[in-house]
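Work through the exercises below with the model open. Try each task before reading its solution.

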Amino acid sequence: MGREFVDIFDDWADSYEASVAGEEPEYRDVFEGYDSILNAVTTRVSGTVVEFGTGTGNLTAKLIEAGISVIGIEPNTKMRQATAERFPSIKVMDGDLLEFEAETESIDAFVSTYVFHHLTDEEKKEALQKYAELLPTNGKVVFADTAFISRDAKQAQIVKERARGFHHVADDLEREYYTTIPILTKLFNEAGFQVQFTQMNDFVWLMEGKKL
């Protein structure tokens, strides 16, 4: 359910801000245009949203600034505490993309950045079906995450990163469950969503699913 990667963030919690700011050369391309990615997610939702993987609260901050009601879900204790301390007025609860309690009768959207790849494709299917059950008509799933146009494109990216000596990035791509746009399209459609994809950088795509 994605929790096999939770402990990784114990070490990353203290350096995450440096990573997203582009201070780590190895992850600079992954987080290129980070602020624009957060803005893109924020501008596509309204009302009450469930945010998966709040991390240190960067997307949370954008959502709150936009007047959006946020329910935070974060499986890593250190990250959850960081968001809760930064935004004491909101609920930040233990949970993940599949197992969570929103504690509200009305959810207008589910959002996340750099999180969905923690699920296998089968788990992604299960998650999207669950979100569809909880959302009203025209409710949204707006995720930004690394994905690829094909398996060959993914393999080419791994080869490129190893050639650059960026073995941590290459290892991430091989270890976690990064999938392809055709597979994501199929999963969204089967769950009852109309979906659009917008490429944000060499790694990240914005996926905007609207429940039909």
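**Exercise 1.** Decide whether Tyr 114 is buried or exposed.

*Solution.* The model is a predicted one. Start with the place: Tyr 114 sits in the loop between β4 and α6 (121-134). Next, take its relative accessibility, which is 9%. The cut-off for buried is under 20%. Tyr 114 therefore counts as buried.

**Exercise 2.** Find what is notable about phi in Tyr 114 and in Asn 138.

*Solution.* Recall the background: most residues other than glycine have a negative phi. Now check Tyr 114: its phi is positive, about 60 degrees, and it is not a glycine. Then go to the loop between α6 and β5, where Asn 138 is found. Asn 138 is not a glycine either, and its phi is positive, near 75 degrees.

**Exercise 3.** Work out which strands pair with β7, and in which sense.

*Solution.* Take β5 (residues 140-146): it runs antiparallel to β7, and 7 bridges join them. One bridge partner in β7 is Met 207, matched with Phe 143. Turn to β6 (residues 193-199): it also pairs with β7 in the antiparallel sense, over 7 bridges. Here Gln 194 has Lys 210 as its bridge partner. A hairpin of 4 residues leads from β6 to β7. Last, look at cover: β7 spans residues 204-211, and 7 of its 8 residues are buried.

**Exercise 4.** Locate the negative surface patch and classify Glu 99 by exposure.

*Solution.* The patch is formed by Glu 99, Glu 101, Glu 122 and Glu 126. Glu 99 lies in the loop between β3 (91-93) and β4 (109-113). Its relative accessibility is 42%, so Glu 99 counts as partly exposed.

Key: Residues are numbered from 1 along each chain as its sequence is written. This is a predicted model: local features need pLDDT of at least 70, side-chain atom pairs count only at pLDDT 80 or more; totals for chains, interfaces and linings use all residues. Side-chain values use heavy atoms; hydrogens and water are left out. Buried means under 20% relative accessible area, exposed over 50%, partly exposed in between (1.4 Å probe, protein chains only). Helices (H or I, at least four residues) and strands (E, at least two) are DSSP runs, numbered from the N terminus. Two strands pair if DSSP finds at least two bridges between them. Patches are made of residues with over 30% relative accessible area and no salt bridge: like charges are joined within 9 Å, nonpolar side chains (Val, Leu, Ile, Met, Phe, Trp, Tyr) within 5 Å. Accessible areas come from the Shrake-Rupley method with a 1.4 Å probe; for residues, only the protein chains shown count as cover. A salt bridge is a side-chain nitrogen of Lys or Arg within 4 Å of a carboxyl oxygen of Asp or Glu. Lys and Arg count as positive and Asp and Glu as negative; His and the chain ends are not counted. The place of a charge is taken as NZ of Lys, CZ of Arg, CG of Asp or CD of Glu.
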